Amino acid sequence: MGQLQGKTAVVLGAASKDNIGQTIARLFAKEGAAVMVSGRHESVLSDLAKEIGGHYALCDITSHAQVHALADKAAADMGRVDAAINCTGWGLLSNLLETTEEQLDQITDLQFKGVHHFLQAFVKVMGDQDPSGGSLITLSSATTRALINNHAAYIGTKRATEALIECVANDFGHLGIKANTVSPAFTESPMTADSFQVPGLVDAFLPKYPLGRLNTSDDVAEACAWLCSDAAFLTGQHIQPNGGVTLRGNPQAKDIEAAVGAAMAAQAEN
């Protein structure tokens with residue numbers, strides 16, 4: 001019997017092929033949960049729902065109405081919501097001095113206001129169901145503890161969502177609602193595919209990981225599954241399934257430039 005047998009779960013941000021959200025959805029289904037996947041691309045969601053024998057619903061996290069409709073639909077279609085995981089995000093790489101107001105509005109809408117919508121909607125559903133309770137997770141980032149250059153707006157909004165999670169944990173624990181963040185580091189996924197093609201880039205990051213490798217989407221999914229199981233008695237915490245990069249810190253711009261430069265020079269010689 002799987003660790004999530006008999007539970008129901010919503011995974012928002014699962015509409016890109018083989019992204020972290022899809023990896024989480026597949027593992028939850030394997031562990032016995034009924035899963036509703038959600039995002040903005042219907043064909044991708046429909047295919048995944050068929051694959052895992054689950055449900056799907058369209059939702060843009062920046063829309064208050066759509067997020068609340070998602071929570072209500074999940075409760076109606078699956079009977080209740082035991083877990084809700086938000087995997088949406090935008091890895092904005094932009095110098096503080098060059099970030100535009102439009103970019104700032106976009107990332108705030110996605111990574112702060114959208115997370116607020118998500119927590120508000122699912123706290124309401126989980127608090128109203130009988131028996132009340134459930135597990136809420138939003139993906140944060142190792143960069144909130146291991147800073148990296150040119151990510152101020154990204155890190156700022158991610159760190160703000162960690163504060164939201166702490167508030168939800170404090171305010172709604174009496175309803176049996178757990179709220180935690182899970183923080184991947186430099187993970188190979190569709191969002192980072194181009195970065196992994198840059199010669200020397202991975203070499204700049206690897207020495208920063210005490211466990212000797214970058215974290216994978218599977219590492220993140222396993223952490224989420226455990227947090228949503230009955231075995232996890234914790235809330236308001238920021239879980240770091242990233243191989244210990246927060247102990248050593250991410251490489252800085254000069255380190256990355258040196259590693260990429262060395263790799264490109266070696267390629268040119270060959």
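**Cysteines, strand 6, aromatic pairs and salt bridges in a predicted model**

Cys-59 has a relative accessibility of 3% and therefore counts as buried. In this predicted model, the sulfur of Cys-59 has its closest cysteine sulfur in Cys-87, at 13 Å, which is too far for a bond. Cys-228 likewise takes part in no disulfide, the nearest cysteine sulfur being that of Cys-224, at a distance of 6.6 Å, and with a relative accessibility of 4% Cys-228 is also classed as buried. A disulfide is a covalent bond that joins the sulfur atoms of two cysteines. Under the cut-off of 2.5 Å between cysteine sulfur atoms, the count of disulfides comes to zero.

Strand 6, which spans residues 177-182, is mostly covered, with six of its six residues buried. This covering applies to both faces of the strand, since Ile-177, Ala-179 and Thr-181 are buried on one side, while Lys-178, Asn-180 and Val-182 are buried on the other. Strand 6 pairs with strand 5 (residues 134-139) in the parallel sense, and six bridges connect the two; within this pairing, Asn-180 of strand 6 stands opposite Ile-137. Between these strands the chain passes through helix 5 (residues 152-172), and the resulting β-α-β crossover from strand 5 to strand 6 is right-handed. Strand 6 also runs parallel to strand 7 (residues 238-239), to which two bridges join it, and here Thr-181 is found opposite His-238 of strand 7.

The search of the whole structure for aromatic pairs returns two. In the pair of Phe-118 and Phe-122, the ring centres are 5.2 Å apart and the planes meet at 50°, so that the arrangement is classed as tilted. Because Phe-118 and Phe-122 are four residues apart in helix 4, about one helical turn separates them, and both of these residues are buried. Phe-186 and Phe-205 also form a tilted pair, with 4.6 Å from centre to centre and 40° between the planes. This pair links distant parts of the chain, 19 residues apart, as Phe-186 lies in the loop between strand 6 and helix 6 (201-205), whereas Phe-205 belongs to helix 6. Phe-186 and Phe-205 are both buried.

Side chains of opposite charge can pair when their charged atoms come close. Across the whole structure, 11 salt bridges are found. Several of the residues involved are connected to one another, and Lys-17, Asp-18, Arg-26 and Glu-51 are linked in a network of salt bridges. Within this network, Asp-18 is bridged by Lys-17, with the closest N and O atoms 4.0 Å apart, and by Arg-26, for which the closest N and O atoms are 3.4 Å apart. Lys-17 counts as exposed, at 59% relative accessibility, whereas Asp-18, at 40%, counts as partly exposed, and Arg-26 is likewise partly exposed, with a relative accessible area of 24%.

A further salt bridge joins the side chains of Lys-124 and Asp-128, at 3.4 Å from N to O. Both residues lie in helix 4 (residues 101-128), four residues and about one turn of the helix apart, and both Lys-124 and Asp-128 are exposed. Helix 4 thus carries this exposed charged pair as well as the buried aromatic pair of Phe-118 and Phe-122.

Technical notes: Residues numbered from 1 in each chain as written. Predicted model: local features only at pLDDT ≥ 70, side-chain atom pairs only at ≥ 80, totals over all residues. Heavy atoms only, no water. Buried < 20%, exposed > 50% of the residue type's maximum accessible area, 1.4 Å probe, protein only. Pairing = 2+ DSSP bridges. Right-handed = clockwise from strand over helix to strand, strands pointing away. Phe/Tyr/Trp six-rings, centres within 6.5 Å; stacked < 30°, edge-to-face > 60°.
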